[in-house]
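Let's take a walk through this model together, from its overall outline down to a few side chains. Keep the viewer open as you read.

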Amino acid sequence: MKRSERLDIVQQAAARTEKERAERVALAEKHLAEMEQKLAALEKYRAEYEAGFAARAGAGFGAVAVRDFQTFLARLGEAVIQQKEVVASAQKALESERDHWREAAQRTHVVENLVERWQGEETRAGNPRDQNIT
């Protein structure tokens with residue numbers, strides 16, 4: 001068995017790892033997009049709630065209604081802050097997955113180059129005309 005053929009298993013494993021890492025990047029991108037959509041929805045709801053309260057405030061509110069509004073608005077604010085943290089965490093996870101994918105792609109490239117080099121050496125060694133020249 002030639003040296004380049006022995007590397008086939010290594011090359012296949014490296015390619016499989018790279019593919020798995022690429023799939024994980026895609027999942028992390030999808031998760032980030034979902035978390036950003038949730039954040040946008042929370043921020044939109046908060047803005048609509050504030051606008052609705054302002055419109056109704058002209059008709060008059062009691063102290064209890066104002067307190068309830070402020071309490072709910074504070075909870076919405078906390079939810080927005082928490083979702084921003086989730087988005088930041090998802091962004092970090094995505095970058096980490098991208099780094100792992102890049103490393104796997106680089107390893108795959110190195111193994112492929114090595115296989116090509118060894119195949120070239122084997123071809124030159126097996127060609128009788130090349131042997132007569134040297």
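Helices here are DSSP runs of H or I that are at least four residues in length, numbered from the N terminus. With that in hand, Gln-83 can be placed in helix α3, which covers residues 63-126. Please keep in mind that this is a predicted model.

## Overall outline

The protein has four helices and zero strands, and its pattern along the sequence reads α-α-α-α. What radius of gyration does the protein have, and what would a compact globule of 134 residues have? The protein comes out at 30 Å, while such a globule would be near 14 Å. Along the principal axes, the C-alpha atoms fill a box of roughly 100 × 20 × 15 Å.

Of the 134 residues, 19% are buried. The protein exposes about 9700 Å², and carbon and sulfur atoms supply 54% of that area. Looking at contacts between residues at least 6 apart in sequence, 87% join residues that are at least 24 apart. As for charge, there are 22 positive and 23 negative charges, and their mean positions lie 1 Å apart.

## Two buried residues in helix α3

Is Gln-83 buried or exposed? Gln-83 counts as buried because its relative accessibility is 11%, and the cut-off for buried is under 20%. Leaving aside neighbours within four places in sequence, Gln-83 is in contact with Met-35, Lys-38, Leu-39 and Leu-42.

Glu-97 also lies in helix α3. Glu-97 has a relative accessible area of 14%, so Glu-97 is buried as well. Not counting residues up to four places away in sequence, Glu-97 touches Arg-21, Arg-24, Val-25 and Ala-28.

## Salt bridges

How many salt bridges does the count come to? The count comes to nine, and the table lists some of them, with the distance taken from N to O.

| Side chains | Distance, N to O |
|---|---|
| Glu-97 and Arg-21 | 3.9 Å |
| Lys-84 and Glu-43 | 4.0 Å |
| Arg-102 and Asp-99 | 3.0 Å |

Start with the salt bridge between Glu-97 and Arg-21. This pair links distant parts of the chain: Glu-97 is in helix α3 and Arg-21 is in helix α2 (residues 8-57), with their positions 76 residues apart in the sequence. Glu-97 is buried at 14% relative accessible area, whereas Arg-21, at 23% relative accessibility, counts as partly exposed.

Next come Lys-84 and Glu-43, whose side chains meet in a salt bridge. Here too, distant parts of the chain are linked, with Lys-84 in helix α3 and Glu-43 in helix α2, 41 residues apart. Lys-84 is partly exposed, having a relative accessible area of 45%, and Glu-43 counts as partly exposed at 36%.

The salt bridge of Arg-102 and Asp-99 belongs to a single helix: the two are separated by about one helical turn because they are three residues apart in helix α3. Arg-102 is partly exposed with 43% relative accessibility, and Asp-99 is partly exposed with a relative accessible area of 38%. Elsewhere, salt bridges that share partners join Arg-21, Arg-24 and Glu-97 into one network. If you would like a place to begin in the viewer, try Glu-97, the buried residue that is part of this network.

Definitions and conventions. Residues are numbered from 1 along each chain as its sequence is written. This is a predicted model: local features need pLDDT of at least 70, side-chain atom pairs count only at pLDDT 80 or more; totals for chains, interfaces and linings use all residues. Side-chain values use heavy atoms; hydrogens and water are left out. The radius of gyration is taken over C-alpha atoms; the globule rule is 2.2 Å times the number of residues to the power 0.38. Buried means under 20% relative accessible area, exposed over 50%, partly exposed in between (1.4 Å probe, protein chains only). Contact means heavy atoms within 4.5 Å. Accessible areas come from the Shrake-Rupley method with a 1.4 Å probe; for residues, only the protein chains shown count as cover. Lys and Arg count as positive and Asp and Glu as negative; His and the chain ends are not counted. The place of a charge is taken as NZ of Lys, CZ of Arg, CG of Asp or CD of Glu.
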